[in-house]
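Reader: Could you take me through how pockets and a bound ligand are read from a set of coordinates?

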Amino acid sequence: MALLAGKTIVIMGIANRRSIGWGVAEAAHRHGARLVLTYRSDRAGEQIHKLCSESFPETPVTVVQCDVANDDSVEQAFDVIADKHGCIDGVVHSIAHANVEDLQGEFVATSREGFTFATDVSAYSLVAVARAARKLMTEGGSIATMSYLGAERAVPNYNVMGVAKAALESCVRYLANDLGKDAIRVNAVSAGPIRTLAAKGVRGFNDVLHAVEERAPLRRNVSAEEVGDVTAFLMSDLSRGLTGEVLHVDAGYHIIGM
Ligand code: NAD
């Protein structure tokens, strides 16, 4: 039987075919999940419809608009999902945003507005999503989010997003503790650098890719497909004993001392 057969998984944050969220959608589909995909901009919505008709022509996919910076939008999106599916089994939060000027130079220059914006969209949004999703996870569930090594180390140019990811990883632990009694697990995947739209905003991103290629134990970068596979594992019952955890899918880069 397929790993995710009978499970309804909501994947939030697909902008295009390079998105990590799309890697997750392909993996979840491969493993038999029913897919609900959310998007923010109309352009991303069009992309998702196109990708689904090309890649999963036979499979019905529910596509819903959701701006995670807006509580009403989050509530409404999960109301739509509840009407359509009743219960859900998993949510993948693959969303982050910061002002471009805050992803270069010195972190000390970060404005109050830039700090608030980045942490709101990239970390608090997981709390809002978990609150809305919990009501639909009547038979337990699994929530996963995407983090990065910049949460643990001062990575050049990652700056305010590193602080947002640290908050995100802490949210994972607090949410895991709250929702465990409802049999809902909450985990993060700390992905290695992958060339996506969001990554384009980080100055010097190519240097980061080269550093991983040179120094990671596997001597290469990871793909969205590999992150998708680990996320499918987190959505599945194979990971039923795992919560509050951050799994590094980074070719081992985070273990290296220099
Ligand atoms: P991406 O640009 O393809 O995806 C980011 C998504 O966030 C987009 O779909 C965008 O629409 C969405 N988003 C931003 N603000 C939103 C809002 N207010 N409401 C709803 N959606 C919103 O880039 P990606 O690299 O696939 O990023 C996905 C996640 O993976 C992010 O959390 C990112 O920080 C994380 N991540 C990326 C890398 C990398 O190197 N690409 C590495 C580690 C972690």
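Reader: Which residues lie nearest the centre of the second largest pocket, and how many residues line it?

Author: Rolling a probe the size of a water molecule over the atoms shows where empty space is left. Here a pocket is an open set of points, on a 1 Å grid over the protein atoms alone, where a 1.4 Å probe fits and protein lies on both sides within 12 Å along at least five of seven lines, while lining residues have an atom within 4 Å of a point. The second largest pocket is lined by 18 residues, and Val 155, Pro 156, Val 208, Ala 211 and Tyr 253 are those nearest its centre. This is a predicted model, in which local features need pLDDT of at least 70 and side-chain atom pairs count only at pLDDT 80 or more, whereas totals for chains, interfaces and linings use all residues. Residues are numbered from 1 along each chain as its sequence is written, and side-chain values use heavy atoms, with hydrogens and water left out.

Reader: What volumes do the two pockets have?

Author: A volume is the space filled by probe spheres set on the points, which are joined across faces, edges and corners. The largest pocket has about 1,200 Å³, and among its 45 lining residues Ser 94, Ile 95, Ala 96, Leu 197 and Ala 198 are closest to the centre. For the second largest pocket the volume is about 300 Å³.

Reader: Where does the ligand sit, and which residues come nearest to it?

Author: A molecule sits in a pocket if more than half of its atoms lie within 2 Å of the pocket's grid points, and the ligand sits in the largest pocket. A residue is near a molecule if one of its heavy atoms lies within 4 Å of it; of the 28 residues around the ligand, Ser 19, Ile 20, Asp 67, Ile 194 and Thr 196 come nearest.

Reader: Which atoms of Ile 20, Val 68 and Lys 165 lie at polar-contact distance from the ligand?

Author: A polar contact is a pair of N or O atoms within 3.5 Å. A backbone N or O atom of Ile 20 is 2.8 Å from a ligand oxygen atom, and a polar backbone atom of Val 68 lies 2.9 Å from a nitrogen atom of the ligand. In Lys 165 a polar side-chain atom is found 2.8 Å from an oxygen atom of the ligand. Taken alone, the ligand exposes 820 Å², of which the protein buries 93%, with accessible areas coming from the Shrake-Rupley method with a 1.4 Å probe.

How values were computed
Polar contact = N/O pair within 3.5 Å; in protein donor to acceptor, adjacent residues only side chain to side chain.
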